[in-house]
There are 2 protein chains.
Amino acid sequence: MRIGDLAERSGVSTRSLRYYEEQGLVPAFRTAGGHREYDESDVGRVRFVQLLFSAGLPSRAIVQILPFLDTGIATAAMRQRLDDEHDRIQRQIDELTLARDRLAELRTIAADSAGGRSAQECRLAAEAAVTCSRRSADRRTSETPVSAS
Amino acid sequence: MRIGDLAERSGVSTRSLRYYEEQGLVPAFRTAGGHREYDESDVGRVRFVQLLFSAGLPSRAIVQILPFLDTGIATAAMRQRLDDEHDRIQRQIDELTLARDRLAELRTIAADSAGGRSAQECRLAAEAAVTCSRRSADRRTSETPVSAS
DNA sequence: GTTGAAATTGACATCAATGTGAAGTTCTAG
DNA sequence: CTAGAACTTCACATTGATGTCAATTTCAAC
């Protein structure tokens, strides 16, 4: 399988696949002419790499984890990395959940705004929902101000 | 309150606060000499902005949502944005949850590796856990290859 | 007033993955 | 054998929030 096929099968660009190889994430065989040659199993590997990327792991971390898939041997550093990233992701999930709930509250209030409630009521409700500012941005300069020369 | 105080109170750098103003997220009054002047309410506002940033909203999106806090008036575009970001965050949570679970499985298997099970067993288990490649990176060039000149 | 701390703007750097385009090479179908 | 599609490497651009350095100005306290 060549790079174009793998790109299509796994849903990433050829550019990304070259980058993955450069980073040592998805190594490739080479034809006599220098073209990359992949096999069926790489489709899953690329998808896994993608999953980790989208979870915010930097390539450095993925590089550290991936050899386990190939060798089945886990070093202490590798286990540590697994733990660290797991925890980091969990923290991120918690944060996202909080943000999601805040937005959901605002959405509800905004719907009220479209319905009966007054702007003033909504503003107060929104403030409460967000535990946030009173009277910010009343008549302030929201643009970059004149230079103080 | 001046920028240094607000930075300390809200836990963001002064650099970021200047950026927030530049983006129209947290406008500030100015003293005669041009220094930024904040009030108590801005602490919560900055924290909320930070929450949205950490949830992956670009400033453009935050700019669109924030006026609701100040006016209590929600435009259609604003409600749409709230919905979109809510859904995007939900999708991200799902993705992160998947990644977290995969890492947790790998961690379990890696622990087995430290304990009794053989590398071969672990390799197979890891592959299965990840739904990923068999025999990738056997004897491939994982470095950037020689130029094909 | 004077001084030192803290503010100001501006420019450039960073990270990380990916886009993009050029210039050249290899593969494959006819 | 040849045309053209697909590949190769290299290099620079992008995005967005933030770090950092530098030269200058303002504020607060004495």
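Here is a walk through this predicted model, from an annotated domain to the DNA and then to the contact between the protein chains.

Let's start with chain A and its record. UniProt, in an unreviewed entry, puts the feature "domain: HTH merR-type" at residues 1-68 of chain A. Look at that stretch in the model and you'll find 59% helix and 6% strand, with 24 Å between the C-alpha atoms at its two ends.

Now turn to DNA strand D. There are 25 residues around this strand, and the ones that come nearest are A:Arg36, B:Ser13, B:Tyr19, B:Ser59 and B:Arg60. What part of the DNA do they see? Of the strand D atoms that come within 4 Å of the protein, 81% belong to sugar and phosphate.

A few side chains show how this looks up close. B:Arg60 has a polar side-chain atom 2.4 Å from a phosphate oxygen of DNA strand D. B:Thr31 also goes for the backbone, with an N or O atom of its side chain 2.9 Å from a phosphate oxygen of the strand. B:Arg15, on the other hand, has a polar side-chain atom 3.2 Å from a base oxygen of DNA strand D.

Which helices build this surface? On chain A, helix H1 (3-10) and helix H2 (14-22) each give at least two residues, and on chain B so do helix H2 (14-22), helix H3 (41-54) and helix H4 (59-65). H2(B) makes the largest contribution, at 4 residues. Sorted by class, the surface near DNA strand D comes out as 10 polar, 8 charged and 7 nonpolar residues.

That leaves the protein-protein side of things. Chain A puts 70 residues into the contact, and chain B puts in 70 residues as well. Together the two chains bury about 6,400 Å², with 67% of that on carbon and sulfur atoms.

As for specific pairings across the interface, there are 2 salt bridges. One of them joins the side chains of B:Arg107 and A:Asp83, at 3.1 Å from N to O. Counting residue pairs in polar contact, with both partners at pLDDT 80 or more, gives 4 between chain B and chain A.

Where on chain B does this contact side come from? H2, strand E1 (29-30), H3, helix H5 (67-71), helix H6 (76-114) and helix H7 (119-130) each provide at least two residues. H6(B) gives the most, with 25 residues. By class, the side of chain B that touches chain A holds 33 nonpolar, 19 charged and 18 polar residues.

Methods
Residues are numbered from 1 along each chain as its sequence is written. Chains are lettered from A and ligands numbered from 1 in the order in which they are written. Side-chain values use heavy atoms; hydrogens and water are left out. UniProt positions are given in the numbering used here, feature names are shortened, and annotations may be inferred rather than shown by experiment. A residue is near a molecule or strand if one of its heavy atoms lies within 4 Å of it. A polar contact is a pair of N or O atoms within 3.5 Å; within protein, one must be able to donate a hydrogen and the other to accept it, and residues adjacent in sequence count only if both atoms are side-chain atoms. Ala, Val, Leu, Ile, Met, Phe, Trp, Tyr, Cys and Pro count as nonpolar, Asp, Glu, Lys and Arg as charged, and the others, Gly among them, as polar. Contact means heavy atoms within 4.5 Å. Buried area is the accessible area (1.4 Å probe) that two parts lose on being put together, summed over both. A salt bridge is a side-chain nitrogen of Lys or Arg within 4 Å of a carboxyl oxygen of Asp or Glu.
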